[in-house]
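Hi everyone, thanks for making time this morning. I'd like to walk you through a structure that may be new to you, so settle in and let's take a look.

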Amino acid sequence: MEGTARIGGQPCHGGRALVVKNGMTGPAADLVRRMATGDRDAFSRFYDRHAPVVYPLIMRIVRDPADAADVLQEVFWETWRAAGTYDPARGTPEAWIVTRARARAIDRVRAVRRRGETFVASLDEATAAAPPATGGDTADRMADRDAVTSALERLPAAQREAIELAYYGGLTQTEIADRLKQPLGTVKTRIRLALTRLREIVGSPA
Amino acid sequence: MSHETFETLAAGYAVGALDGEDLVQFEAHLAEGCARCETDLREWRETLARTAVAEPRAIPPPGVKDALLRRIEQTSPRVTDRGRWLRWAVGTAAVALAAAGFTGMYVAARYEAVLGRMARETAAVKQRVERSEAVLREQLALYRDGVALLRDPATRVVEMRGVGTAAGAAGRVLWNDKIGGQVFVASLPAAPPGKAYELWTISGRTPRAAGMLALDAAGQAAQPIAATPDGRVDVFAVTLEPEGGVPAPTGPIVLASK
């Protein structure tokens with residue numbers, strides 16, 4: 001119970017904390033648990049760890065740096081507010097925040113689309129990487145890019161196209177079928193195959 | 001339907017591509033608690049997360065983190081000891097504020113009631129004063145006119161005597177053939193319900209209505225009388241008539257001159 005006392009001095013939280021500890025492995029899960037207790041330092045580290053992953057994802061979807069910064073703030077604000085509801089049994093913190101970020105980014109894009117702006121850019125644009133963020137990180141990013149081959153880039157073109165239009169473009173399967181002039185069943189199959197292939201590339205959860 | 005279909009739907013759901021019937025069907029299936037689909041969905045989400053992690057990273061705009069930390073600073077933290085204390089303090093302050101608010105509202109309501117009553121009373125007083133002022137002005141005008149009448153050598157004073165039931169009553173008329181005059185009445189008994197006293201100016205044998213007498217509680221009246229077209233009045237009389245008056249006298253005479 002030493003750990004319990006350290007957490008909050010409340011025996012009634014001890015059981016939960018221990019269960020959480022058993023169920024969550026990895027530093028990210030630990031950070032979320034600490035965020036749930038109002039630990040701002042944990043939030044700061046959680047942000048530093050995940051924002052560089054989440055930001056390019058958001059940027060890729062919303063495409064406008066100001067919108068992306070807004071969405072990024074919104075997503076992390078939600079993680080701070082919802083840290084107490086995070087259930088490690090339902091997924092890793094990475095999946096927790098990435099799912100949330102993708103959803104908020106698509107929300108934003110749809111809101112923008114409702115305002116009459118162009119939504120889905122050309123396929124070439126859609127597959128382009130996010131533009132560099134502010135600051136002098138361009139060189140680093142380029143170095144990263146050389147060193148790490150994107151998992152998506154290793155997908156067969158048709159599968160990659162389907163998953164990019166859905167996941168980053170926010171199109172539904174029917175919209176994708178219309179756009180690619182393919183049968184709906186083909187699109188559904190491509191999406192499933194793409195995920196299956198991606199899982200082979202990036203690996204399953206431990 | 002084989003479960004294979006749902007596996008495909010789970011993949012579509014994970015990338016947010018389901019729509020129409022597929023979306024409805026899969027969400028209903030999930031709601032039924034299909035553990036297999038739950039697991040599939042979780043696994044696809046992990047796959048997408050790891051894909052994102054494997055993508056090139058980018059440093060986010062520095063302002064975002066600052067804004068978040070400020071935002072967190074401005075809101076009360078959750079359940080640490082410090083947080084609990086703060087929450088207690090904030091809660092207590094909130095209760096105190098609410099109490100103050102209620103007290104304020106109560107006091108305000110009370111004061112509003114009092115102020116409202118005072119305003120109503122003030123308005124009533126003002127109305128009474130205005131009424132009194134109007135009456136006084138009328139009387140003052142009457143007295144001025146009376147003084148003017150008395151100064152005029154052509155003005156005469158005509159006495160009226162009570163008749164019959166009004167034998168104890170008395171009346172006096174200041175009369176000027178050119179200007180008109182004023183009538184003063186005293187000790188006239190109150191008119192029966194539906195009846196009122198009417199004043200007449202009589203030239204020769206022709207009575208002319210000269211207005212209804214406005215008696216006060218003491219049976220007194222003082223009011224002007226308009227000049228007659230021919231400028232001549234032989235007799236002044238008061239009769240008891242139906243309320244509202246009549247063009248020619250019909251009732252008993254209560255006061256008469258001569």
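Let's start where the two chains come together, and please keep in mind that this is a predicted model. Look for helix α6 of chain A, residues 93-114, and helix α3 of chain B, residues 35-54: their axes come within 8 Å and cross at roughly 85°. An angle from 65 to 115 degrees counts as roughly perpendicular, and so α6(A) is roughly perpendicular to α3(B). On the chain A side, the residues that meet the partner helix are Glu94(A), Ala95(A), Val98(A) and Thr99(A). From α3(B), they are met by Arg45(B), Glu46(B), Leu48(B), Ala49(B), Ala52(B) and Val53(B). Sorted by class, the contact of α6(A) with α3(B) has six nonpolar residues, one polar and three charged.

Now let me step back and introduce the chains one at a time. Chain A has eleven helices and zero strands. It has 206 residues, and 49% of them count as buried. If you take the contacts in chain A between residues at least 6 apart in sequence, 60% join residues at least 24 apart.

And what does chain B contain in the way of helices and strands? It has five helices and eight strands. Reading along the sequence, the five helices come before the eight strands, in the pattern α-α-α-α-α-β-β-β-β-β-β-β-β. Chain B has 258 residues, of which 34% count as buried. For contacts in chain B between residues at least 6 apart in sequence, 56% join residues at least 24 apart.

Let's go inside next. In general, nonpolar side chains in soluble globular proteins tend to be buried together. Here, the largest nonpolar core has 77 residues. Those with the most contacts inside this core are Ile58(A), Phe76(A), Leu195(A), Val15(B) and Phe26(B). The largest share of the core, 13 residues, comes from α4(A). Take Phe76(A) as an example, leaving aside its neighbours within four places in sequence: it is in contact with Phe43(A), Phe46(A), Tyr47(A), His50(A), Ala51(A), Val54(A) and Ile97(A), and also with Leu68(B) from the other chain. Apart from the largest core lies another one, of 21 residues, among them Val158(B), Val173(B), Trp175(B) and Val183(B).

While we're talking about burial, have a look at helix α3 of chain A, residues 27-36. How many of its ten residues are buried? Seven of them are, so this helix is mostly covered. The buried ones are Ala28(A), Ala29(A), Leu31(A), Val32(A), Arg33(A), Met35(A) and Ala36(A). After α3(A) comes Gly38(A), with a positive phi near 90°.

That brings me to the backbone. Most residues other than glycine have a negative phi. Which way does the phi of Arg63(A) go, positive or negative? It is positive, near 70°. Arg63(A) sits in the loop between α4 (40-62) and α5 (65-82) of chain A, and it is partly exposed, with a relative accessible area of 32%. Lys181(A) also has a positive phi, near 55°. You'll find Lys181(A) in the loop between α10 and α11 of chain A; it is exposed, with a relative accessible area of 71%.

Let's follow that loop to the helices on either side. The axes of α10(A), residues 173-180, and α11(A), residues 184-202, come within 9 Å and cross at roughly 115°. That makes α10(A) roughly perpendicular to α11(A), and the crossing is right-handed. Gln173(A), Thr174(A), Ile176(A), Ala177(A) and Leu180(A) in α10(A) meet Leu184(A), Val187(A), Lys188(A) and Arg190(A) in α11(A). By class, that contact has five nonpolar, two polar and two charged residues.

Finally, α11(A) has another partner. Helix α9 of chain A, residues 157-168, packs with α11(A) at an angle of about 100°, with the axes 8 Å apart. Once again, the angle makes the pair, α9(A) and α11(A), roughly perpendicular. The α9(A) side of the contact includes Ala158(A), Ala162(A) and Ile163(A), and the α11(A) side includes Ile191(A), Leu195(A) and Leu198(A). The residues of this contact divide into nine nonpolar, one polar and three charged. One name there has come up already: Leu195(A) is among the residues with the most contacts inside the largest core.

Thanks for listening, everyone!

Technical notes
Residues are numbered from 1 along each chain as its sequence is written. Chains are lettered from A and ligands numbered from 1 in the order in which they are written. This is a predicted model: local features need pLDDT of at least 70, side-chain atom pairs count only at pLDDT 80 or more; totals for chains, interfaces and linings use all residues. Side-chain values use heavy atoms; hydrogens and water are left out. Axes are lines fitted to C-alpha atoms, for helices over the stretch in contact, and angles run from 0 to 180 degrees between N-to-C directions. Helices (H or I, at least four residues) and strands (E, at least two) are DSSP runs, numbered from the N terminus. Angles under 35 degrees count as roughly parallel, over 145 as roughly antiparallel, 65 to 115 as roughly perpendicular and the rest as oblique. A crossing is left-handed if the near helix is turned anticlockwise from the far one by less than a right angle, and right-handed if clockwise. Contact means heavy atoms within 4.5 Å. Ala, Val, Leu, Ile, Met, Phe, Trp, Tyr, Cys and Pro count as nonpolar, Asp, Glu, Lys and Arg as charged, and the others, Gly among them, as polar. Buried means under 20% relative accessible area, exposed over 50%, partly exposed in between (1.4 Å probe, protein chains only). A nonpolar core is a set of buried Ala, Val, Leu, Ile, Met, Phe, Trp, Tyr and Cys residues joined through side-chain atoms within 4.5 Å.
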